[in-house]
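This report is an introduction for a reader who has not met the structure before. It takes up helix packing, then the contact between chains, and then backbone angles.

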Amino acid sequence: MNKAAERLYNGIIKENPTFVLMLGMCPTLAVTTSAINGLGMGLTTAVVLTLSNMIISLLRNVIPDKVRIPAFIVIIASFVTMMQMLLQAYLPFLYDALGIYIPLIVVNCIILGRAESYASKNPVIPSMFDGIGMGLGFSLALTCIGAVRELLGAGDLFGFHVLPTADHPWMIGGSSISFYTPASIFVLAPGAFFVLAFLTALQNRVKRNGEKKGRDMSKIQSGCSHDCLSCGETGCEHRFYDTQGADAPVGKVPAKEQKAAEKNAEAKEKEEQ
Amino acid sequence: MSDLRNVSSNPHIRSKMTTSNIMLLVVIALLPATCFGIYNFGIDALILVLVTVASTVLTEYLYEKLMHKKITVGDFSAVVTGLLLALNLPSSAPWWIGVVGGVFAILVVKMLFGGLGQNFMNPALGARCFLLISFTSIMTNFDCDTYSGATPLAALKSGESVNVMDMIIGRTAGTIGETSMIAIVTGACILILTGVIDLKIPGAYIVSFVIFIVLFGGRGFDSAYISAQLAGGGLMLGAFFMATDYVTRPITKNGQYLFGIFLGIMTGIFRLFGPSAEGVSYAIILGNLLVPLIEKITLPKAFGKGGERA
């Protein structure tokens with residue numbers, strides 16, 4: 001599998017930001033009252049994520065380590081401002097529906113998380129595909145949650161009247177049928193939690209079945225920053241290898257990266273002296 | 001040595017009261033209220049009660065069957081949940097309300113958290129609130145063949161006068177099981193006499209509620225108003241049958257008093273200052289959520305810990 005396809009697969013399925021990483025819960029729960037809102041939020045985030053991943057990856061050797069978070073935020077915020085203005089100009093209905101949650105994309109932890117754990121330590125092209133994959137995964141998840149909530153809570157799907165409610169009955173041969181009463185709790189806040197929990201459970205179930213059949217369901221590593229303390233890769237096989245002494249599986253670290261790490265360590269020692 | 005045959009590790013004091021016995025007693029204690037509800041509201045109420053109980057029991061059975069777990073339908077806890085839920089529905093509700101509520105109560109509130117003893121919220125009340133938020137117009141429509149118009153609590157809230165005697169007997173509009181104070185208290189007496197519940201939670205609940213009503217109700221110590229507030233709505237049903245649920249009440253003695261007082265104050269706030277006339281279910285659910293914290297601050301000291309050094 002080449003790098004680009006791997007990043008897409010990772011973002012949409014293996015490390016789906018909503019159902020697996022459980023990131024970006026605020027927009028996930030707040031804006032998914034309908035499938036269109038979920039899709040709009042997901043795609044907006046996807047665009048910002050892709051662009052910010054590319055820029056951060058380009059600047060990864062320029063941004064000083066100590067001020068990287070403010071630097072990331074500035075880059076992300078610029079793209080969010082652009083997206084907000086574009087939405088306001090060309091998709092005003094979506095702009096009104098999403099409201100405050102568009103500017104809040106700045107502090108969406110998926111975007112900052114990918115900048116920190118992938119874009120800041122990988123080249124541009126994989127970072128871009130990582131952004132696209134994660135963004136599509138987020139869009140997919142939000143659309144699913146929005147669709148279920150809209151269907152159960154209003155009997156609609158993408159704004160079309162699907163189930164026969166009292167307001168929009170089916171007309172069959174002159175007689176109107178309306179057997180579905182919308183359960184309005186699903187368009188309210190508690191419904192978001194119910195649907196998210198059930199979809200996550202369903203996704204875990206599918207994954208467990210895949211594991212039983214012998215498919216590899218583990219996460220794909222997203223590159224090493226040699227800073228295990230601030231690294232989120234809990235499944236990393238050489239996590240804290242530098243603290244394990246001689247038993248550490250050093251051989252598994254790519255030779256080039258290891259050399260760089262050793263160089264860093266030497267430089268630090270010299271500085272201290 | 002043969003006398004030592006039965007010595008085992010603790011607990012050494014055993015009670016003959018099993019879960020099924022307790023639950024069966026609760027079902028028996030609920031029968032007066034159920035029978036009065038059916039007598040009061042007619043055949044619709046009977047159908048709704050049967051459908052709701054059947055759906056809770058069937059949901060529990062199917063879930064445990066599908067998940068390859070031990071079938072626990074025989075402990076009657078699903079029957080209690082179904083019965084309590086049905087008593088909290090208006091008799092005009094369509095049959096599928098009972099099914100949706102029953103499935104939600106057992107599947108989401110009870111079984112997904114690990115079954116009887118693990119649920120953090122009373123399943124019947126959880127389902128009632130789910131239905132109340134989802135299908136507000138159905139759940140607050142108390143019109144039926146016998147009665148029409150507002151429930152006594154709604155009438156009280158809008159400043160109309162109510163017939164307190166009718167409310168105590170139960171000849172008013174309302175949900176199936178909440179109307180008759182006499183029937184509920186009869187059932188509660190069965191539970192108290194058999195030792196299934198005691199008066200700590202209901203007592204603290206009702207007393208603190210009365211004090212709250214006297215202080216903030218705007219009518220002072222008006223006995224007709226107070227008895228109307230006590231007899232109206234689900235207060236009696238909630239205080240004796242739902243707040244005392246073994247799973248979702250605090251286990252410490254002081255915690256139970258605190259729990260009762262919290263429920264009384266919350267019910268008072270919901271009824272007097274909230275937008276709707278009734279607030280017992282939300283009060284008890286909020287109380288259920290606070291139970292772990294209540295138990296934490298009322299944990300009794302172990303023997304030998306604390307106190308003055310001699």
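## Helix packing and backbone angles

In this predicted model, the buried residues of H13(B) are covered by surroundings that include helix H10 (200-216), helix H12 (235-242) and helix H14 (280-297) of chain B. Helix H13 itself, residues 253-273 of chain B, has 21 residues and reaches 30 Å from its first C-alpha to its last, close to the 30 Å expected at 1.5 Å a residue. Among its buried residues are Gly255(B), Leu258(B), Phe259(B), Phe262(B), Leu263(B), Met266(B) and Thr267(B), and Arg271(B) is also one of them.

One of the covering helices, H14(B), can be described further by its geometry relative to H13(B). The axes of H13(B) and H14(B) come within 9 Å and cross at roughly 150°, and the crossing is right-handed. On the side of H13(B), the residues that meet H14(B) include Phe259(B), Leu263(B) and Phe270(B), while those of H14(B) include Tyr282(B), Leu286(B), Leu290(B) and Glu295(B). The residues of this contact divide into 14 nonpolar, three polar and one charged.

A second pair in chain B is formed by helix H1 (residues 19-41) and helix H3 (residues 77-87), whose axes come within 10 Å and cross at roughly 25°. With a crossing angle under 35 degrees, H1(B) and H3(B) are therefore roughly parallel to each other, and their crossing is left-handed. The contact is made by residues including Met23(B), Val27(B), Leu30(B) and Gly37(B) of H1(B), together with residues of H3(B) that include Ser77(B), Val80(B) and Leu87(B). By class, this contact of H1(B) with H3(B) has nine nonpolar, three polar and no charged residues.

Between the chains, four residues of chain B are in contact with five residues of chain A. The side of chain B that touches chain A has three nonpolar residues, one polar residue and no charged residues.

The backbone angles deserve a separate look, since most residues other than glycine have a negative phi. Two phenylalanines with positive phi values are set out below.

| Residue | Phi | Loop |
|---|---|---|
| Phe158(A) | near 55° | between strand S1 (156-157) and strand S2 (160-161) of chain A |
| Phe76(B) | near 65° | between helix H2 (43-66) and H3 of chain B |

Are these two residues buried or exposed, or partly exposed? Phe158(A) is partly exposed, because it has 14 other C-beta atoms within 10 Å, whereas Phe76(B) is buried, because it has 20 other C-beta atoms within 10 Å.

Key: Residues are numbered from 1 along each chain as its sequence is written. Chains are lettered from A and ligands numbered from 1 in the order in which they are written. This is a predicted model: local features need pLDDT of at least 70, side-chain atom pairs count only at pLDDT 80 or more; totals for chains, interfaces and linings use all residues. Helices (H or I, at least four residues) and strands (E, at least two) are DSSP runs, numbered from the N terminus. The expected span of a helix is 1.5 Å times one less than its number of residues. A residue is buried if 20 or more other C-beta atoms lie within 10 Å of its own, exposed if 12 or fewer, and partly exposed in between; C-beta atoms are placed from the backbone. Two residues are in contact if their C-beta atoms, placed from the backbone, lie within 7 Å. Ala, Val, Leu, Ile, Met, Phe, Trp, Tyr, Cys and Pro count as nonpolar, Asp, Glu, Lys and Arg as charged, and the others, Gly among them, as polar. Axes are lines fitted to C-alpha atoms, for helices over the stretch in contact, and angles run from 0 to 180 degrees between N-to-C directions. A crossing is left-handed if the near helix is turned anticlockwise from the far one by less than a right angle, and right-handed if clockwise. Angles under 35 degrees count as roughly parallel, over 145 as roughly antiparallel, 65 to 115 as roughly perpendicular and the rest as oblique.
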